[in-house]
Number of protein chains: 2
Amino acid sequence: MQGTTGTSSQPTGTYPPTDRTVPTRSPERAAYDKELVHAILDEGYVCHLGFVRDGAPVVLPTLYGRVGERLYVHGSTGSRPLRMTGAADPGLPVCLTVTHVDALVLARSAFHHSINYRSVVVHGTAYEVTDPEERRTALDALVEHVVPGRSRDSRPANKKELAATAVIRLDLNEVSAKLRTGGVNDEPEDLSLPHWAGLVPLRKGYDAPVADPALAPGTALPDYLSAG
Amino acid sequence: MQGTTGTSSQPTGTYPPTDRTVPTRSPERAAYDKELVHAILDEGYVCHLGFVRDGAPVVLPTLYGRVGERLYVHGSTGSRPLRMTGAADPGLPVCLTVTHVDALVLARSAFHHSINYRSVVVHGTAYEVTDPEERRTALDALVEHVVPGRSRDSRPANKKELAATAVIRLDLNEVSAKLRTGGVNDEPEDLSLPHWAGLVPLRKGYDAPVADPALAPGTALPDYLSAG
């Protein structure tokens, strides 16, 4: 049940670093490898989408999907960022960030406490998608991102639902990953301190599915859920 | 091991809604209750901090801590948002967002697929903290946020570490929570479709702690970790 939505073949190569994607701190944690970036994106459920409204930043969590080198975000045609995208020409500047917290890092020193994480930051311009076929592809990708295999096992959107849904696209051009992995980085002189140090991994995965009470009689749990 | 850093008594009351915190969509999902907002904030490990740089949005994941009605974010004095805060007068406009994904919501229709989530969005201005006592309080809160009880069981920051650390403060004034809870919302005419529908809850909690290989002999796992 990992989110793997990309239908293209394995990507190769890297995203070219830019002024915005080279960190001023801990540059050794930055990565531009496309395969790594895609894997981090595909494992997430919500991204945090940032845009500027009246000169101030706004950061909202939202679902997303990936098709090759394109990300898609959807929402009601009445929602703020999607209205702004449609109204803007040539598009809406956004920053889309996906983060996984993998473990708490407990050091002997307060200063070296940290988190093992993997994140992807995408800078770019979001455009409204109007082509009917691309809209279908995007909406399928959004459902597939949550549960691979699900778009073919559900009723597709009808005309009314499609008309109420805005879709925006963000291309993967200016992209970086940032990761902290590994163990504790205490100062050598602190190693003999009596405080416990180490990693506390966060649990990943799913608890048992809870069926809707109104499920049609005889509807079994599908294979793509029982593997979780 | 839930993150509960607030040392003040139970908050009462609500944050006054503003133009920025009343959603244009699904207003029934918005909440302004302080106790709920604090609980969502305290359960998170990373927030997504948005700011504007050269007219474009930037969204970065970062650790945070809460003390009553104040949030604290820290980082290297060389990091971009913290440099910008120190340089800015009167402060840096930010949007700080914390999101928990609780369950995948699988509907019979593609359109009604969703996520059960709880999020908090804070709009405001971030100020650099220079008062030594408030800096200590903030740094303790950051460690306590990751593991309650930990700040007293680790070596406090020394002068060199304190000098390398910038701390910014964001007051909880313009704040809203947004939640989706409950089950599947399919259209009545879709209930007889043969697709499985229901919730897939995400696992929460911690896997077994992994001790640092260089742990001082005889260092036991502390109580505040074994309860996880």
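## A tour of the two-chain model

Start at Thr24(A), which sits in the segment before β1 (30–31) of chain A. Keep in mind that this is a predicted model. Thr24(A) is partly exposed, with a relative accessible area of 38%. Now add Pro201(A) to the selection. The two residues are 177 residues apart along the chain. Their C-alpha atoms are separated by 28 Å.

**Stop 1: strand β1 of chain A**

Move on to Ala30(A). This residue belongs to strand β1 of chain A. Is Ala30(A) buried or exposed? Its relative accessibility is 17%, and the cut-off for buried is under 20%, so Ala30(A) counts as buried. Show what surrounds it. Leaving out residues up to four places away in sequence, Ala30(A) touches Pro23(A), Ala177(A) and Lys178(A). For a long distance label, pick Val129(A) as well. Ala30(A) and Val129(A) are 99 residues apart along the chain, and 31 Å separates their C-alpha atoms.

**Stop 2: all of chain A**

Zoom out and select chain A. Colour by secondary structure: the chain has 5 helices and 11 strands. Along the principal axes, its C-alpha atoms fill a box of roughly 65 × 50 × 35 Å. Colour by burial next. Of the 228 residues in chain A, 57% are buried. Draw the contacts too. Among those with a separation of 6 or more, 73% join residues 24 or more positions apart.

Switch on the surface. The accessible surface of chain A comes to about 9800 Å². Carbon and sulfur atoms account for 53% of that area. Then pick out the charged groups. Chain A carries 23 positive and 27 negative charges, and the mean positions of the two sets are 5 Å apart.

**Stop 3: strand β8 and its partners**

Select residues 165–171 of chain A, which form strand β8. How many of the 7 residues in this strand are buried? The count is 6, so β8 is largely enclosed by the rest of the structure.

Add residues 70–76, strand β5 of chain A. Strands β5 and β8 pair in the antiparallel sense over 7 bridges. To see the register, display Val73(A) and Ile168(A). They stand opposite each other, with Ile168(A) on the β8 side.

Now add residues 114–128, strand β7 of chain A. This strand also pairs with β8 in the antiparallel sense, over 2 bridges. Display Tyr127(A) here. Its opposite number in β8 is Arg169(A). While the strands are on screen, follow the side chains: in a regular strand they alternate between the two faces of the sheet.

Stay with β7 and pick Ser114(A), which is part of that strand. Ser114(A) is buried, with a relative accessible area of 14%. Beyond residues up to four places away in sequence, Ser114(A) touches Leu104(A), Val105(A) and Arg180(A).

**Stop 4: Asp54 in both chains**

Go to the loop between β2 (46–53) and β3 (56–63) of chain A, where Asp54(A) lies. Check its backbone. Most residues other than glycine have a negative phi. Asp54(A) has a positive phi of about 50°, although it is not a glycine. At 74% relative accessibility, Asp54(A) is exposed.

Jump to Asp54(B). This residue is in the loop between β2 (46–53) and β3 of chain B. Its phi is near 55°, again positive in a residue other than glycine. Asp54(B) counts as exposed, at 74% relative accessibility.

**Stop 5: Tyr64 in chain B**

Remain in chain B and select Tyr64(B). The residue is found in the loop between β3 (56–63) and β4 (65–67). At 1% relative accessibility, Tyr64(B) counts as buried. Expand the selection to its contacts. Neighbours within four places in sequence aside, these include Leu41(B), Gly44(B), Tyr45(B), Val46(B) and Cys47(B). Leu71(B), Tyr72(B) and Val73(B) are also among them. So are Val98(B), Leu142(B) and His145(B). For a distance label, add Ser26(B). Tyr64(B) and Ser26(B) are 38 residues apart in sequence and 28 Å apart in space, C-alpha to C-alpha.

**Last stop: the two chains together**

Show chains A and B. What rotation superposes chain A on chain B? A turn of 180° does, with 0.0 Å of shift along its axis and an RMSD of 0.0 Å. That is the relation of a two-fold axis. The same surface serves both copies, as 99% of the contact residues of chain A recur in chain B.

Methods. Residues numbered from 1 in each chain as written. Chains lettered and ligands numbered in written order. Predicted model: local features only at pLDDT ≥ 70, side-chain atom pairs only at ≥ 80, totals over all residues. Heavy atoms only, no water. Buried < 20%, exposed > 50% of the residue type's maximum accessible area, 1.4 Å probe, protein only. Helix = DSSP H or I, 4+ residues; strand = E, 2+ residues; numbered from the N terminus. Pairing = 2+ DSSP bridges. Contact = heavy atoms within 4.5 Å. Areas by Shrake-Rupley, 256 points an atom, 1.4 Å probe, with all protein chains shown as cover. Lys, Arg positive; Asp, Glu negative; His and termini not counted. Charge placed at Lys NZ, Arg CZ, Asp CG, Glu CD. Least-squares fit on C-alpha atoms with pLDDT ≥ 70 in both.
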